[in-house]
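Colleague: I should be grateful for a close look at a single part of this model. Please choose one helix, describe its surroundings, and then place the rest of the fold around that account.

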Amino acid sequence: MTQPVIKEVFFDWDGTFANTEPVSLSVTRRVLSDYATRTFGRPMTAEIDSLDMRGKDFGQIARQFQDNINALLPATQQVNIDIEDLRINHLRPATKTALLNAALADGIGDVVTALQDELKLGVAVVSNSPRMRIQPLLDKHGLDTRIPKSRVFSAFEDAAKLKEDPEIYNIAAQRLSVAPAEAAAVEDSVTGMRAAKSAGIGLRIGFTGLTEAENRAEMEKKLVAEGAHVVINDMRQLPAVIRSFKPQP
């Protein structure tokens, strides 16, 4: 059985299409620190810095924080963080303004144009992030005409589970009328690559161009271990990678 040719390219958002992750994580740290100060009288900076935030939604991060706090407290003093209050009333207002200053991956506009106009491929965003973290930047940079709202898929809003679960990839493929094997996925995180592999995405491309320089080599190894067929550190390499893709019998 021959593997199908690629028809769609699915971009992750944070840390892949746009350098929003440092901005998002900075706001997340501030929101959690303010919560800790209000609740415990100290910012708990060390505890927050120890959290595994990469590729995670705010709810996942906040639950980690809650579990870590409760591990230090007796049973009678356990805390139950109101995550939705923090998300709606603290995180979202600060994030909406901050994210507009985030930069896109170098050359991404030209890459999207090349994929669509030269390679005749569809392009979509498939992310854990809510649309309010995606759409304003697409609009600001004039990419909303290239990637309309119908091609922005949010696991937070459209799926029951976040990546590393593959559901959002399956939803995107179904709505765009392609098989997962007919899609390429571009991911910068372990959780995203796991989701792409589990979904059966035909061409899985790791991206380290927005990863801190000192961490790129290690991240490349992790992405390959999780199923990346190739890893690039410059988004402008992407069209050539897809052009050279050969379906396997």
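Modeller: The following account begins with one helix and its packing, and then turns to the sheet and to some individual residues.

The model is a predicted one, in which local features need pLDDT of at least 70 and side-chain atom pairs count only at pLDDT 80 or more, while totals for chains, interfaces and linings use all residues. Residues are numbered from 1 along each chain as its sequence is written, and side-chain values use heavy atoms, with hydrogens and water left out.

The helix chosen is α3, which comprises residues 58-71. Helices (H or I, at least four residues) and strands (E, at least two) are DSSP runs, numbered from the N terminus. The 14 residues of α3 reach 20 Å from the first C-alpha to the last, close to the 20 Å expected at 1.5 Å a residue; the expected span is 1.5 Å times one less than the number of residues. At the N-terminal end, D57 caps α3, with a side-chain oxygen 2.7 Å from the backbone nitrogen of G59.

Which residues of α3 are buried? They are F58, G59, I61, A62, F65, Q66, I69 and N70. Buried means under 20% relative accessible area, exposed over 50%, and partly exposed in between (1.4 Å probe, protein chains only). The cover over these residues includes α1 (21-40), α2 (45-49) and α4 (83-99).

Helix α1 packs against α3 at an angle of about 35°, with the two axes 11 Å apart. Axes are lines fitted to C-alpha atoms, for helices over the stretch in contact, and angles run from 0 to 180 degrees between N-to-C directions. Contact itself means heavy atoms within 4.5 Å. On the α1 side, the residues that meet α3 are L25, T28, V31, L32, Y35, A36 and F40, and their counterparts in α3 are F58, I61, A62, F65 and I69.

The buried residues of α1 pack against α2 and α4 as well as α3. The 20 residues of α1 should span 28 Å at 1.5 Å a residue, and the end C-alpha atoms are 27 Å apart, which agrees. After α1 comes G41, with a positive phi near 80°. M44, in the loop between α1 and α2, also has a positive phi, near 55°, although M44 is not a glycine. M44 counts as buried, at 5% relative accessibility.

Elsewhere in the model there is an open sheet of six strands in the order β3-β2-β1-β4-β5-β6, with parallel pairing. β3 (152-154) and β6 (230-232) stand at the edges with a single partner strand each, so one side of each has no neighbour in the sheet. Neighbouring strands are turned by 25° against each other on average, direction ignored. Two strands pair if DSSP finds at least two bridges between them; β2 (residues 122-127) and β3 have three. In β3, F153 is the bridge partner of V126.

Helix α8 (residues 167-175) lies across β1 (8-11), β2, β3 and β4 (183-187), at about 150° to β3. Helix α10 (residues 216-225) lies across β4, β5 (203-207) and β6, at about 150° to β6.

Finally, T191 lies in helix α9 (residues 190-199) and is buried, with a relative accessible area of 10%. Leaving aside neighbours within four places in sequence, T191 is in contact with G55, K56, K163 and E164.

How values were computed
Polar contact = N/O pair within 3.5 Å; in protein donor to acceptor, adjacent residues only side chain to side chain.
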